[in-house]
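Q: Could you walk me through this structure in plain words, starting with the terms I will need?

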Amino acid sequence: MKIIFLGAPGAGKGTQAEIFSEKLGIPTISTGNILRAAIQAGTTVGLQAKALIDAGKLVPDEVILAIVQERLSRDDCAKGFILDGVPRTLAQAQAMEDMGISIDHVVDLEVPDAVIITRMSGRRVCESCGAPYHVEANPPKAEGVCDHCGGKLVTRKDDRAETVKERLEVYHSVTEPLRQFYGERGLLRTVPGDKGSVEDISAAVARVLGV
Ligand code: AMP
């Protein structure tokens, strides 16, 4: 099963990707998490990406494509994978298709901008493993501590209100056209990302995936 999670920042891609990764026994590849790890490790890619991420802008396509190509070539992706946050531009989607990366389902989590903006203030992420949380909708078992690895939960710098506005603009102008791209290929499965609890949304995703 090869799945892409599409949707605005804060639509719930990371949360649903984690749930289905466990359920289906396939890895999630989150370019955002990979880039944040590169920033923490101080690699060249990390240094290149940091200012762009902090400003809510996209990282260049060639950097992203190199990350995806390397990550998908590993053995754990042989049975399938979930892509969270990639592709994000038509050029990335086209290049991935040209590389022969086939996709079974593109799950588009639709959430209105007004809901995204209020959601983002409650969002937290594990600084060690990248697992996503929300103080109300998806809280950890112990406050401030990751359920998976015990890491510290932090607020992402790019989740500040002014950066979220920029990220939403980038999403609408550059990423949203991917709906049409995958719609034309018969792969688009649209799911409302703001109707009910995390579990309700997972149930809706499971229905469109047929799992
Ligand atoms: P995310 O965790 O998916 O919200 O990604 C955080 C930030 O990383 C984005 O705002 C971009 O700056 C960068 N990023 C992640 N994935 C991509 C991508 N596929 N293309 C370009 N930039 C990306």
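A: Buried means under 20% relative accessible area, exposed means over 50%, and partly exposed is in between, with a 1.4 Å probe and protein chains only. Please keep in mind that this is a predicted model, where local features need pLDDT of at least 70, side-chain atom pairs count only at pLDDT 80 or more, and totals for chains, interfaces and linings use all residues. Residues are numbered from 1 along each chain as its sequence is written, and side-chain values use heavy atoms, with hydrogens and water left out.

Q: OK, so is Cys77 buried or exposed?
A: Cys77 counts as buried, because its relative accessibility is 4%.

Q: And how many disulfides does the structure hold?
A: The structure holds zero disulfides, a disulfide being a pair of cysteine sulfur atoms within 2.5 Å. Cys77 is in no disulfide, and the nearest cysteine sulfur, which belongs to Cys129, is 18 Å away.

Q: What about Cys126, how far is its sulfur from the closest cysteine sulfur?
A: The closest one is in Cys149, at 3.5 Å from the sulfur of Cys126, and that is too far for a bond. Cys126 is also buried, since its relative accessible area is 3%.

Q: Changing topic, which residues come nearest to the ligand?
A: There are 16 residues around the ligand, and of these Thr31, Arg36, Lys57, Arg88 and Gln92 come nearest; a residue is near a molecule if one of its heavy atoms lies within 4 Å of it.

Q: Which helix gives the most to that shell?
A: Helix α2, which covers residues 31–41, gives the most, with four residues. Helices here are DSSP runs (H or I, at least four residues), and strands are runs of E with at least two, numbered from the N terminus.

Q: What lies close to the nitrogen and oxygen atoms of the ligand?
A: An N or O atom in the side chain of Thr31 is 2.7 Å from a nitrogen atom of the ligand, and a backbone N or O atom of Val59 lies 3.1 Å from a ligand nitrogen. For an oxygen atom of the ligand, a polar side-chain atom of Arg156 lies 3.1 Å away. On its own the ligand has 480 Å² of accessible area, and the protein covers 96% of this, with areas coming from the Shrake-Rupley method and a 1.4 Å probe.

Q: Last one: where is Val191?
A: Val191 is in strand β8, residues 188–192, and Val191 counts as buried because its relative accessibility is 1%.

Note on methods. A polar contact is a pair of N or O atoms within 3.5 Å; within protein, one must be able to donate a hydrogen and the other to accept it, and residues adjacent in sequence count only if both atoms are side-chain atoms.
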